[in-house]
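Subject: Structure handover

Hello,

Here is the structure I promised to pass on. Please open it alongside this note.

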Amino acid sequence: MDNRNVFWIFILLLDSVQMLSQPVYEVDTSYPVHSLDKYLMVWEDTTKDFSLDSLQARADLHFQPWERFDQSLHSSSAYWVKVSLTSQTGLSDWILQFERQYPYTTGWSRGNGKIDVFGFRKNEMLFHKKSGADYRKSEKEIKERWNLGRVRIDLSKNDTIQLITRIEGTSFGFPPIINFTLCQKDFENHEWAASSRSFMIRFMLGAVFILLIYHFSLFLYLRRKVYGLFSLWLFTSFLSLSMVVDLGIPNEFIIGNYPGIRFSLWMLCSNLIWITFWFFGRAFIDTRKRYPVFDKWILGIAGFLLLEMVINLSMISIKKLGLTSPEMGFHFLFLSICTFFGFFLALALAIRKDALARYFGIGAMIATLSTILGGVWQQGLINLSFDPFVWGIFLQIIAYSFGLAYRSQLQAQAFKRAQLELLEAEKSKIEIQHIKDLNELKSRFFANVSHEFRTPLTLILGMLNRFDPGDKTETEEALIPKKSIDIIRRNATRLQNLVEQLLDLSKVESGHVLLHLKCDALVQFVRTIVLDFESIARQKNIHFNTIFPAEPAGAYFDEDKLGKIVSNLLSNAFKFTPQGGTVGFRMQVEGDFIILEVSDTGRGIHPDEVDKIFDRFYRIEGNEAKGSGIGLALTRELVGLHQGQIKVDSVEGSGTKFIVRLPYTLDRLPSSVKAPVNGSIMNQGQNGSLLPAEEKEEIEQSEQPEALIVEDHEELREFISQILSPEYQVLMAEDGEQAEKIAIDRLPNIIISDVMMPRRDGYELTHRLKSNIKTSHIPVILLTAKAGQENKMSGLRQGADAYMTKPFSEDELLIRMKNLIQAREEIWKQFQHLGSAVVSGLKLSSMDDRFFQQVQTVIKDHLSDEFFSVDDLARAVGFSRSQLHRKLKALVDKSPNQLIREMRLQRAKVLLDAKTGNISEIAYEVGYSNLSYFSKSFKEFFGETPSKLLEK
């Protein structure tokens, strides 16, 4: 036997002796978890060069029990560990775990880097299994979470195996962990229960991801830089939080398959989170525009961090350094410098008066402090139950999410203020331009009007001077030929028309022109006006084409206003149509509207002037000699008075067409008109008021009360009108529907109505009037041929105040009307006796009582408001000004102004009697800012001055 064989036999025997000298751990399967630390034999490979073969070839290696081993392991060494296992029952799919978590490190830096497990039965190698964070997922026996170090162990009954394990630290530079635990598969996670605290971290990770998607969507939609940078910071924060969580997305799909980039990626994220944070802050505050000095500091810190990141990544890729390598000391120096300057920059921003700078500065200070606290905690100098890095980032994200909303609100407010300022500036500019344009238009207008007046005046004066008798005596007569008289008359009429047009335009624009409607043959009326222009057409050799529709039923129109509209349009067409041209007029009926079309073949209108032809004082350039420029302006105003429309279509050089659309039914006509009385409509301004808003007193009422007669028989209606007209102002309606409109608008003192009528009978009319708060106070007398008691009771149940049968006595009707009105006057007297502050004793209907209580409540709530007006009161109770006036006059014989004034004075008297303050304080409290006027009004109402009352 040669020496070589003797040597190997000696080595194997020596190894067998060593294996036999190592205690064998017997696994009792009745216990699911076994710690093997007491049975471990450990040897340190300081060179990391030993392989399994070289280890087995060296018999002089001294393995020590783990309990007596120096457990201060080094990242520069690899460690070989031996342990022997046996089991009487055998092991099936048990798990051998090698490590516990570091308590002060992030998820990416936990665990061993490379773990190689070799299994031997006597001298036969059974398996080689790999685990650890620095092995690719595909190389590991258990395809599981990347940072868990564990392998499967199977053992036959009464069998003994020796496990030889090589362990290295992580690529981060952390030393390896030696902790062997054998457990059943169902108990494999018992050591990782401590990581249950990561549930909150997982929740934070999910919240950050949702916020990332939300703000990135805002960036895509709004294209605002601040949302993009915030989303970028959220992304780096998301990656950083993933370092702490074992099941983060980057862990599974990046680190699991490419462990070599783990440290580089960690270093990249740890720097980018700060770089993107400061760039986000730069956009959040807009330091480039608002704080240029701070902006340079932010760019300096971000550039400093970027430089440090590039240097680190270069050193890691070239020298394969870890975080604990001495060469990486400058990394912590860089971070310390950046943290120092970042804290003071954040402090400088936090003390600014600017809201956004303060908001970001405070948030940055919190981030800096959490970084410092995290570094102390990671070194194990303090014990915390939470990860300050994670909580610092998460609280910042939440704070800045609200901060972005706050920033948007501030920007919206600033934008609104800027818009208001811009609007005010534009309004001022427009007003100045408007005044300038108005002055220019007025100057042009007066020049045009002067020209219009000068021509007829020249003709009139010329004719008069021509036939002036001169030196003849006063008794001598001057003979003027008929032809000259016609010229004088025609030009005087022209002057009169010009003056009337000016007056009409002024009245319409001031709102004092009302429609006086009548129900008549509308088409026939228009036809008469149109055909009057045939003589002009013959004189000027102009073709005149007309088209008229069939006569519509129940058409209402104002003869004067409609006539002026038609005449102005036709006059305008003939004025601008040359000889041999054509003027067309077409009238159509569409539903409740009439359409009037007036066309001509004149020179047309330039597109730039189409929008101006309806302006007052405006005349088309080059046509100054043909008109005053007010006819179309008046036409537009008259059309608007009907709530109609007028438009013009014109092609320069081809002609012009005017199209007017006007309503002709009562339902379509504006509410500023009255229903027909004696064939015409009583005129009234919109909301019943033609008087200016600053009027001191209410609408004047006639001394005679108003009576509304509702009767479908025309002759009987006229007969009742003749009976009432000596003592009443008479309003008339031919059916209940028409009567209700008049009653709501006019609020007459009394209503006499027939029962049997078309569209709405007397019973329904009475019920609707008594159910309407605006008309519930009006007494109603029903007239009918039905004399039965049942019919009478039906009328009374609807709320009628009296019921009379036909034929009726004239005297009885007048007496009943007088009694009903006098009964209302008795309520007035009682109200005056009780005083305006008391209404409980008034004999009003429940609806009227509620209404009056509402009026008083509104007035009481606004007693101290000196600007509270009748219009405000009317709006509060849902009435127009005129309706409120008539309603209160009918109920308590007081105008709204009277009621407000007296309630103010009544309240003042109560306060003066109670001596709750001095006179000026009480005057202000009841809405009087003028003390002398208050004293005067108080004395007029109570007969003594407030001072005398206060002295009692």
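Below is what I found on two of the sheets and the helices beside one of them.

First, a caution: this is a predicted model.

**The antiparallel sheet**

This open sheet has 4 strands, with antiparallel pairing. Their order is S2-S11-S6-S9. Strand S2 (33-35) and strand S9 (150-155) are the edges, each pairing on one side only. On average, neighbouring strands here are turned by 25° against each other, direction ignored. Look at strand S6 (residues 91-97) next. S6 and S9 run antiparallel and are joined by 5 bridges. One residue pair to find there: Trp94 has Ile153 in S9 as its bridge partner.

**The parallel sheet**

Here 5 strands make an open sheet, and the pairing is parallel. Read across, the order is S22-S21-S23-S24-S25. The edge strands are S22 (729-733) and S25 (802-805), and each pairs on one side only. Neighbours in this sheet are turned by 20° against each other on average, direction ignored. Strand S24 (residues 780-784) pairs with S25 in the parallel sense, over 4 bridges. Within that pairing, Leu782 stands opposite Tyr803 in S25.

**Helices on the parallel sheet**

Helix H18 (residues 714-724) packs on this sheet. H18 touches strand S21 (706-710), S22, strand S23 (750-754) and S24. Its direction makes about 165° with that of S22. Helix H20 (residues 762-771) lies across S21, S23, S24 and S25. H20 runs at about 175° to S24.

Over to you.

Best wishes

Notes. Residues are numbered from 1 along each chain as its sequence is written. This is a predicted model: local features need pLDDT of at least 70, side-chain atom pairs count only at pLDDT 80 or more; totals for chains, interfaces and linings use all residues. Side-chain values use heavy atoms; hydrogens and water are left out. Two strands pair if DSSP finds at least two bridges between them. Helices (H or I, at least four residues) and strands (E, at least two) are DSSP runs, numbered from the N terminus. Axes are lines fitted to C-alpha atoms, for helices over the stretch in contact, and angles run from 0 to 180 degrees between N-to-C directions. Contact means heavy atoms within 4.5 Å.
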